[in-house]
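Colleague: I should like to go through this structure with you in a series of questions. Please explain the reasoning behind each reply.

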Amino acid sequence: MQPNIQWLDTPAVFRVGQLPAHSDHRYYATLAEMAQQQSSFEQSLNGTWQFHYSVNAASRPKSFYELAFDAQDFEPITVPQHIELAGYEQLHYINTMYPWEGHYYRRPAFSTSDDKQHLGMFSEADYNPVGSYLHHFDLTPALRNQRVIIRFEGVEQAMYVWLNGQFIGYAEDSFTPSEFDLTPYLKETDNCLAVEVHKRSSAAFIEDQDFFRFFGIFRDVKLLAKPRTHLEDLWVIPEYDVAQQTGQVKLHLQFSGDENRVHLRIRDQHQIILTADLTSGAQVNDLYKMPELVQAWSNQTPNLYTLELEVVDQAGETIEISQQPFGFRKIEIKDKVMLLNGKRLVINGVNRHEWHPETGRTITAEDEAWDIACMQRNHINAVRTSHYPDRLSFYNGCDQAGIYMMAETNLESHGSWQKMGAVEPSWNVPGSYDEWEAATLDRARTNFETFKNHVSILFWSLGNESYAGSVLEKMNAYYKQQDPTRLVHYEGVFRAPEYKATISDVESRMYATPAEIKAYLDNAPQKPFILCEYMHDMGNSLGGMQSYIDLLSQYDMYQGGFIWDFIDQALLVTDPVTGQRELRYGGDFDDRPSDYEFSGDGLVFATRDEKPAMQEVRYYYGEHK
């Protein structure tokens with residue numbers, strides 16, 4: 001298999017040599033490791049790598065992955081980190097438009113009569129920066145003589161991977177894990193990993209989110225060993241009988257390697273309440289009834305249970321032990337009202353970008369913990385992962401805290417249908433283009449497969465501001481077929497009402513006025529109503545919040561919404577004149593085109609200081625806890 005630079009131009013090529021997405025469960029070598037949440041099967045590759053910046057693909061060091069390559073001109077870079085924040089490349093914030101507007105004329109592949117016009121669009125562009133990374137590593141003793149994969153948890157936007165001079169694979173989709181099998185080419189010591197990251201590819205047309213346009217390896221990189229029997233995929237499906245307060249658990253398990261015994265244990269908050277034995281196999285499907293009444297999961301009572309699956313060999317020695325928290329809850333629509341555990345659901349929500357004022361979207365577990373604690377003390381009970389999947393650990397945090405999640409697929413193509421403020425979808429993608437279908441559905445599949453075990457997820461969201469079409473219709477059908485236990489959300493169908501019957505379980509809108517909401521609810525509504533974005537907390541905003549909160553007691557079918565948004569996207573910069581550190585926003589970096597202060601519309605400043613508007617949130621959301 002040989003890499004092809006034109007993969008950057010072709011939406012049909014988005015994963016080459018990449019392993020299928022699977023559950024994000026963690027696994028350990030021993031019970032002691034599990035107790036400490038430290039797995040010897042994991043080896044972090046974070047740290048200092050070697051790096052070379054090129055302004056385009058033509059000028060990149062094409063043979064940098066070869067073992068004989070002389071990398072003396074490469075410079076040190078920290079991984080994870082955005083390349084722009086390492087001192088290379090232009091900082092650029094843009095909202096609705098594509099970042100090249102006014103500089104280059106581009107149309108999405110297959111959206112014109114010329115079905116070859118896209119070739120070279122990114123691979124031969126004068127400006128499409130490339131980051132060439134090199135990293136040498138030795139395997140830790142625990143990973144030697146094992147099957148080993150590499151997991152990139154976030155790389156923006158397209159990457160090629162080599163190990164020890166051998167091509168491994170290619171991946172797009174910036175915000176979900178990309179895994180590759182390194183086993184055939186791995187050595188115990190002195191491995192050379194080469195990663196080539198391109199700032200833009202055809203994926204740029206469907207990653208047009210309202211944010212700074214970074215690139216590079218911006219989330220963790222890990223090696224993961226697979227022991228001789230390994231749980232590849234786990235799906236826990238808790239079923240909760242609201243009236244009887246009883247529960248049962250369906251399990252779908254997929255193992256690889258040798259066949260061995262598996263000890264199953266389910267714990268509540270205090271003790272083991274269920275045990276069973278089974279045999280590992282390529283596919284295992286079982287059903288277990290809880291032996292006593294179960295404690296339901298909700299924002300007020302985030303009760304979690306824990307599934308443990310311990311694989312043991314013939315001598316009784318542990319090969320691997322996996323752990324997955326889960327909860328019992330039921331989300332449904334009955335009489336056109338969303339119910340959680342039999343009670344009307346009220347969403348006191350917020351949209352959240354991942355952000356830190358010094359490291360951008362490269363954030364830490366401490367940042368996540370602060371965000372969740374801030375939501376809890378201000379009565380925010382729900383979060384929309386706008387507009388991409390978040391770090392793996394955030395989903396665990398929301399499970400534990402009882403934060404309801406709208407888990408968004410990495411999809412936004414705003415600039416392809418809204419032009420100069422007008423709705424003009426003549427070349428909207430993915431739209432109904434067959435050539436864009438596989439890449440878009442893969443993003444839905446990866447989102448689902450990775451996060452399917454998290455009880456906090458009440459909604460799968462198809463993405464954001466991508467208009468509508470048959471491709472999104474198929475995304476909706478995929479989620480409904482795979483997971484009927486959750487609801488599916490999408491707002492853009494509001495602009496294409498011909499798809500209302502086949503896209504989204506809810507009527508979702510942005511920034512509708514209270515009068516517009518009342519007009520919908522007074523006119524034979526077919527679906528419950530939520531605001532996936534409202535209030536837009538820019539400047540001295542949020543003054544009209546009561547008018548929305550009042551609707552909650554007037555209409556059962558109005559069920560709240562998600563404030564835009566949680567945190568300002570601003571960067572701390574040292575002023576060259578005063579020497580002081582100050583926050584700078586879109587447009588402050590000579591970035592054009594830009595939407596300027598639109599990067600600053602959070603309830604908290606980028607430094608995580610609460611704005612005065614948060615007082616309004618705490619007061620009004622507190623009325624409907």
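Colleague: Which residue has its backbone oxygen 2.8 Å from a polar atom of the side chain of Gln43?

Modeller: This is a predicted model, and each distance here is computed from it. A polar contact requires N or O atoms within 3.5 Å. The side chain of Gln43 has a polar atom 3.0 Å from the backbone nitrogen of Thr140. The backbone oxygen at 2.8 Å from a polar atom of that side chain belongs to Asp138.

Colleague: Is Gln43 buried or exposed?

Modeller: Gln43 lies in strand β3, residues 42-44. Leaving aside neighbours within four places in sequence, Gln43 is in contact with several residues, including Phe137, Leu139, Leu143 and Val221. Buried means under 20% relative accessible area. Because its relative accessible area is 9%, Gln43 is buried.

Colleague: How many salt bridges does a search of the whole structure find?

Modeller: Side chains of opposite charge can pair when their charged atoms come close. For a salt bridge, the nitrogen and the carboxyl oxygen must lie within 4 Å. The search of the whole structure finds 40.

Colleague: How many residues apart are Glu188 and Arg144, which form a salt bridge?

Modeller: The closest N and O atoms of Glu188 and Arg144 are 3.9 Å apart. Glu188 is in the loop between β12 and β13, while Arg144 is in the loop between β7 and β8. This pair links distant parts of the chain, and the separation of the two residues is 44 residues.

Colleague: Are Glu188 and Arg144 buried, partly exposed or exposed?

Modeller: Partly exposed covers the range between under 20% and over 50% relative accessible area. Glu188 has a relative accessibility of 39%, and Arg144 has 27%. Both values therefore place Glu188 and Arg144 in the class partly exposed.

Colleague: Which residue forms a salt bridge with Glu358?

Modeller: The closest N and O atoms of this pair are 2.9 Å apart. Glu358 lies in the loop between β27 and α2 and its partner in strand β38, so the pair ties together parts that are 223 residues apart in sequence. Glu358 is partly exposed at 44%, and the partner is partly exposed at 45%. That partner is Arg581.

Colleague: Are Glu507 and Arg509 buried or exposed?

Modeller: Glu507 and Arg509 form a salt bridge, with their closest N and O atoms 2.9 Å apart. As for accessibility, Glu507 and Arg509 are both buried.

Colleague: Which residues are linked with Arg265 and Arg267 in a network of salt bridges?

Modeller: A salt bridge joins a Lys or Arg nitrogen to an Asp or Glu oxygen. In this network the arginines are Arg265 and Arg267. The residues linked with them are Glu308 and Glu310.

Colleague: What kind of aromatic pair do Phe212 and Phe589 form?

Modeller: A search of the whole structure finds 47 aromatic pairs. In the pair of Phe212 and Phe589, the centres are 6.1 Å apart and the angle between the planes is 75°. Planes over 60 degrees apart count as edge-to-face. The pair is accordingly edge-to-face.

Colleague: How many residues apart in sequence are the parts that Phe212 and Phe589 tie together?

Modeller: Phe212 is buried at 0%, and Phe589 is buried at 14%. Because Phe212 lies in strand β14 and Phe589 in the loop between β38 and α8, the pair ties together parts whose separation in sequence is 377 residues.

Colleague: Which residue lies over the face of Phe211?

Modeller: A charge counts as sitting over a ring when it is within 6 Å of the ring centre and within 35 degrees of the ring normal. Arg377 lies over the face of Trp370, at 5.1 Å from the ring centre. Over the face of Phe211, at 3.8 Å from the ring centre, lies Arg361.

Colleague: How far apart are the end C-alpha atoms of helix α4?

Modeller: Helix α4 comprises residues 434-451, and 14 of its 18 residues are buried, so the helix is largely enclosed by the rest of the structure. At 1.5 Å a residue, the helix should span 26 Å. The distance between its end C-alpha atoms agrees with this, at 27 Å.

Colleague: How far apart in space are Tyr65 and Cys192, C-alpha to C-alpha?

Modeller: Tyr65 is found in the loop between β4 and β5. Among the residues that Tyr65 touches are Trp162 and Ala194. Tyr65 and Cys192 are 127 residues apart in sequence, and their C-alpha separation in space is 8.0 Å.

Methods
Residues numbered from 1 in each chain as written. Predicted model: local features only at pLDDT ≥ 70, side-chain atom pairs only at ≥ 80, totals over all residues. Heavy atoms only, no water. Helix = DSSP H or I, 4+ residues; strand = E, 2+ residues; numbered from the N terminus. Buried < 20%, exposed > 50% of the residue type's maximum accessible area, 1.4 Å probe, protein only. Polar contact = N/O pair within 3.5 Å; in protein donor to acceptor, adjacent residues only side chain to side chain. Contact = heavy atoms within 4.5 Å. Salt bridge = Lys/Arg side-chain N within 4 Å of Asp/Glu carboxyl O. Phe/Tyr/Trp six-rings, centres within 6.5 Å; stacked < 30°, edge-to-face > 60°. Expected span 1.5 Å × (residues − 1).
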